[in-house]
Amino acid sequence: NVFCTNCCLCGNGQGSAIAKIVGANAAKYDKFDTTVNMWVFEEMVNGRKLTDIINTDHENVKYLPGHKLPPNVLAVPDLVESVKGADILIFVVPHQFIVRVCDTIKDHIKKDAVGMSLIKGVDAGPEGLKLISEVIRGKLGITMTVLMGANIANEVADEKFCETTIGCKDKTHGSMLKELMQTTNFRVTVVGDTGSIFSLLLVIRLGLMEMIAFAKVFCTNCPVSPSTFLESCGIADLITTCYGGRNRKIGEAFAKTGKTIEQLENELLNGQKLQGPATATEVHQILKQKNMVDKFPLFTAVYQICFNGHPVTEFIKCLQNHPEHM
């Protein structure tokens, strides 16, 4: 029982989907205690308490209907009671409630507990923007990690193939959390920086904004509606490309090895070629001709990093100083 005596989650749809995974793995591996506490806000559903339904029928009929939870997942209506003795605290609540949750449990948790945030978004306070994991760390004083990915609760619960990323600086914690979270169809990658996940999300968002702006400026003969970018050809394709495929594979190797794109294509793609770098060149030429390079800093940074030897960290400047933030 070195790592985990129990885990605390929020019993919404996302929380229940993760509880299904955590419960199964806690029962499977000896290093984890079998029981997984899941905090559930008590409600009446068809004349029965929701916690009673979950603990008797093993289904969160309100927020994740049609999916059975492992019998070792215990719904607990009392927040303080649910976290007592927990070595791992998994936070899956709407971000507007996180401060209240932390204030409620801060005097009742183990000081050496490890937290994991699955909460997207940021907190805008007097000290500026903070990641939710930073808010929790500041409130509770515990080690925090994050789990992020382009995943939907129902698809995770349906055991459809999904990928996700854990940001964790401590290798021991990262290995333990991966074992707790990973299944055959829920594949986990661990990176050593919690901020890097958020940075990837920012790159995707700002990249999409530049794509829309580019289309508005240059597709004048056949105007493109912004709603088109919400279709599979837009944001879905963008996310897929960022998380997998040839461009992701070579991009990651490029950042880690310092080798050229051409070298990596020859080594890793077995004769195939990337479309991304060629597109970046063409886009840059168009922007240069139209004297609009400064209006598309993310597009420009991709080109400069790929072909002019600029450091990969130049992306950080784009995130910090992008016109979208001004």
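**Why these words? A talk about helices and cores**

Colleague: Helix 13 is described as mostly covered, with eight of its eleven residues buried. What does "buried" mean here?

Modeller: Buried means under 20% relative accessible area, exposed means over 50%, and partly exposed lies in between, with a 1.4 Å probe and protein chains only. In helix 13, the residues that count as buried are Pro297, Leu298, Phe299, Thr300, Ala301, Tyr303, Gln304 and Ile305. Before we go on: this is a predicted model, numbered from 1 along each chain as its sequence is written, and side-chain values use heavy atoms, leaving out hydrogens and water. Local features need pLDDT of at least 70 and side-chain atom pairs pLDDT 80 or more, while totals for chains, interfaces and linings use all residues.

Colleague: And what makes a stretch count as a helix or a strand?

Modeller: Both are DSSP runs numbered from the N terminus: H or I over at least four residues for a helix, E over at least two for a strand. On that basis the protein has 14 helices and twelve strands. Of its 326 residues, 43% count as buried.

Colleague: Why is valine 302 called partly exposed?

Modeller: Valine 302 sits in helix 13. Its relative accessible area is 30%, so it falls in the partly exposed class. Leaving aside residues up to four places away in sequence, valine 302 touches Ala280 and Phe315, where a contact means heavy atoms within 4.5 Å. Valine 302 and glycine 276 are 26 residues apart in sequence, yet their C-alpha atoms are 9.5 Å apart in space.

Colleague: Why are helix 12 and helix 13 called oblique to each other?

Modeller: Helix 12 (residues 276–289) and helix 13 (residues 297–307) pack at about 120 degrees, with axes 9 Å apart. The axes are lines fitted to C-alpha atoms, for helices over the stretch in contact, and the angle between N-to-C directions runs from 0 to 180 degrees. Under 35 degrees counts as roughly parallel, over 145 as roughly antiparallel, 65 to 115 as roughly perpendicular, and the rest as oblique. About 120 degrees belongs to the rest, so the pair is oblique.

Colleague: Which residues of helix 12 and helix 13 meet?

Modeller: Pro277, Ala280, Thr281, Val283, His284 and Leu287 of helix 12 meet Phe299, Thr300, Val302, Tyr303, Gln304 and Phe307 of helix 13. Eight of the residues in this contact are nonpolar, four are polar and none is charged. Nonpolar here covers Ala, Val, Leu, Ile, Met, Phe, Trp, Tyr, Cys and Pro; charged covers Asp, Glu, Lys and Arg; the others, Gly among them, count as polar.

Colleague: What makes helix 1 and helix 7 roughly perpendicular?

Modeller: Their axes come within 7 Å and cross at roughly 105 degrees, helix 7 being residues 171–181. That angle lies in the perpendicular range, so the label fits helix 1 and helix 7. Ile18, Ile21, Val22 and Asn25 of helix 1 meet Glu179, Leu180 and Met181 of helix 7. By class, that contact has five nonpolar residues, one polar and one charged.

Colleague: How do helix 4 and helix 5 pack?

Modeller: Helix 4 (residues 98–105) and helix 5 (residues 132–140) pack at about 25 degrees, with axes 9 Å apart. This value falls in the parallel class, so helix 4 is roughly parallel to helix 5. Ile98, Val99, Cys102, Asp103 and Ile105 of helix 4 make the contact with Ile132, Val135, Ile136, Lys139 and Leu140 of helix 5. Here eight residues are nonpolar, none is polar and two are charged.

Colleague: What makes a group of residues a nonpolar core?

Modeller: They must be buried Ala, Val, Leu, Ile, Met, Phe, Trp, Tyr or Cys residues joined through side-chain atoms within 4.5 Å. The largest such core has 37 residues, and Ile90, Ile166 and Met181 have the most contacts inside it. Helix 1 (residues 13–28) gives the most to this core, six residues. Another core, of 20 residues, lies apart from it and includes Trp39, Ala86, Ile132 and Leu140.

Colleague: Last one: why does asparagine 46 count as exposed?

Modeller: Its relative accessibility is 78%, so asparagine 46 passes the exposed cut-off. Asparagine 46 lies in the loop between strand 3 (44–45) and strand 4 (48–49), and has a positive phi of about 55 degrees although it is not a glycine. Glutamate 159, in contrast, has a relative accessible area of 48% and is therefore partly exposed.
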